[in-house]
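Q: I'd like a close look at one part of this model, the largest pocket. Please walk me through the lining, then put it in the setting of the rest of the chain.

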Amino acid sequence: MEKVKLNNGVEMPWVGLGVFRIEDNKEAERVVKTALSAGYRHIDTAMYYHNEEAVGKAIRESGIPREEIFVTTKMWNADQRSGKVKEAFDASLKRLDTGYIDLYLIHWPVEGKFVDTWKKFEEIYQTGKVKAIGVSNFKQRHLETLLNATDIIPAVNQIELHPYLTQDSDLVFCTGMGIQVGAWSQFAANQTGLFEEKILIDLANKYSKSPAQIILRWDYQRGVVTIPKSANEKRMKENLEIFDFDLAQDEIKAINSLNKDMRIGPDPDHVDF
């Protein structure tokens with residue numbers, strides 16, 4: 001598994017497994033164990049996903065040394081609003097029971113709260129219980145507010161990003177600030193006809209890959225970490241098989257041209273949940 005070095009020196013696998021909407025504990029355990037057996041070493045969860053316990057159990061029972069697995073989880077908005085940031089972190093760590101967390105993210109930029117939340121993240125980081133801290137769903141304006149008021153630059157900004165929402169300006173800004181961009185909903189929730197786009201089908205045929213693999217390779221060559229969700233072992237393995245070919249620059253530009261600025265998830269400017 002290839003890795004990227006974050007701005008504090010911590011190494012993060014380029015491809016991970018997302019476990020959003022796998023709330024059944026037994027199924028979550030099965031999926032994570034299957035992924036680890038398939039070669040994944042990066043698991044992305046969140047308090048809001050209600051499966052941290054299952055993720056942690058699968059990791060502990062996998063037989064793989066803890067230090068070889070990169071675990072990301074996130075703090076939910078209610079904990080920002082209540083100010084119980086450290087309590088939320090401790091609760092996630094207890095549910096995971098993994099000794100430490102590799103990456104802890106602010107899940108959404110709650111207006112009037114995320115700066116104070118980040119300051120508490122900085123304190124948590126100093127304890128050594130988390131190896132890196134970052135944010136999720138932050139736009140450039142949120143990051144600028146954060147950077148002007150705090151000391152530690154986020155290691156990661158995980159955002160909705162796919163060929164229908166290429167996020168060019170935020171990607172450039174984050175890269176310039178040394179913030180690693182991660183993508184969620186890499187396939188636009190596979191509900192929009194993305195896999196039927198001619199350019200993706202043509203490239204899949206050219207490289208003997210699937211449209212999904214073409215998208216993941218496009219992300220990788222743009223410097224974006226991905227966390228595709230799958231409960232199917234065959235697709236899990238396919239999602240890792242993206243390091244044996246290269247897209248040409250004109251092919252990357254052709255995929256970029258699919259951009260519609262179309263969001264599948266909520267707009268971070270309107271976090272009222």
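Which residues lie nearest the centre of the largest pocket, and how many residues line it?

A: Sure. Keep in mind that this is a predicted model. Five residues to put on screen are Phe20, Trp184, Ser185, Ala189 and Lys229, which lie nearest the centre of the largest pocket. They belong to a lining of 37 residues, and the space in the pocket comes to about 1000 Å³.

As for secondary structure, the elements that give two or more residues to this lining are helix 9 (211–221) and helix 10 (233–240). Helix 10 gives the most, with three residues.

Then there's the chemistry of the wall. Split by class, the lining has 18 nonpolar residues, 13 polar ones and six charged ones.

Now for the setting. The chain has 11 helices and 10 strands. Its radius of gyration is 18 Å, close to the 19 Å that the globule rule gives for 273 residues, so the chain is as compact as a globular protein of that length. If you're setting up a box, the C-alpha atoms fill roughly 50 × 40 × 35 Å along the principal axes.

Two helix pairs are worth a look as well. Take helix 8 (residues 198–207) and helix 11 (residues 249–256): they pack at an angle of about 150°, and their axes are 10 Å apart. Since angles over 145 degrees count as roughly antiparallel, that is what helix 8 is to helix 11. On the helix 8 side, the contact is made by Ile199, Leu200, Leu203, Lys206 and Tyr207, and on the helix 11 side by Glu251, Ala254 and Ile255. By class, this contact has six nonpolar residues, two charged and no polar ones.

The other pair is helix 2 (residues 52–61) with helix 4 (residues 85–96), which pack at about 45° with their axes 7 Å apart. That angle makes helix 2 oblique to helix 4. Glu52, Glu53, Val55, Gly56 and Arg60 make the contact from helix 2, meeting Ser92, Arg95 and Leu96 of helix 4. Here the residues divide into four charged, two polar and two nonpolar.

Technical notes:
Residues numbered from 1 in each chain as written. Predicted model: local features only at pLDDT ≥ 70, side-chain atom pairs only at ≥ 80, totals over all residues. Heavy atoms only, no water. 1 Å grid on protein atoms, 1.4 Å probe; cavity = no way out; pocket = protein on both sides within 12 Å on 5 of 7 lines; lining within 4 Å. Points joined across faces, edges and corners; volume = space filled by probe spheres on them. Helix = DSSP H or I, 4+ residues; strand = E, 2+ residues; numbered from the N terminus. Nonpolar A, V, L, I, M, F, W, Y, C, P; charged D, E, K, R; others polar. Axes fitted to C-alpha atoms, helices over the stretch in contact; angles between N-to-C directions. Parallel < 35°, antiparallel > 145°, perpendicular 65-115°, else oblique. Contact = heavy atoms within 4.5 Å. Rg over C-alpha atoms; globule rule 2.2 N^0.38 Å.
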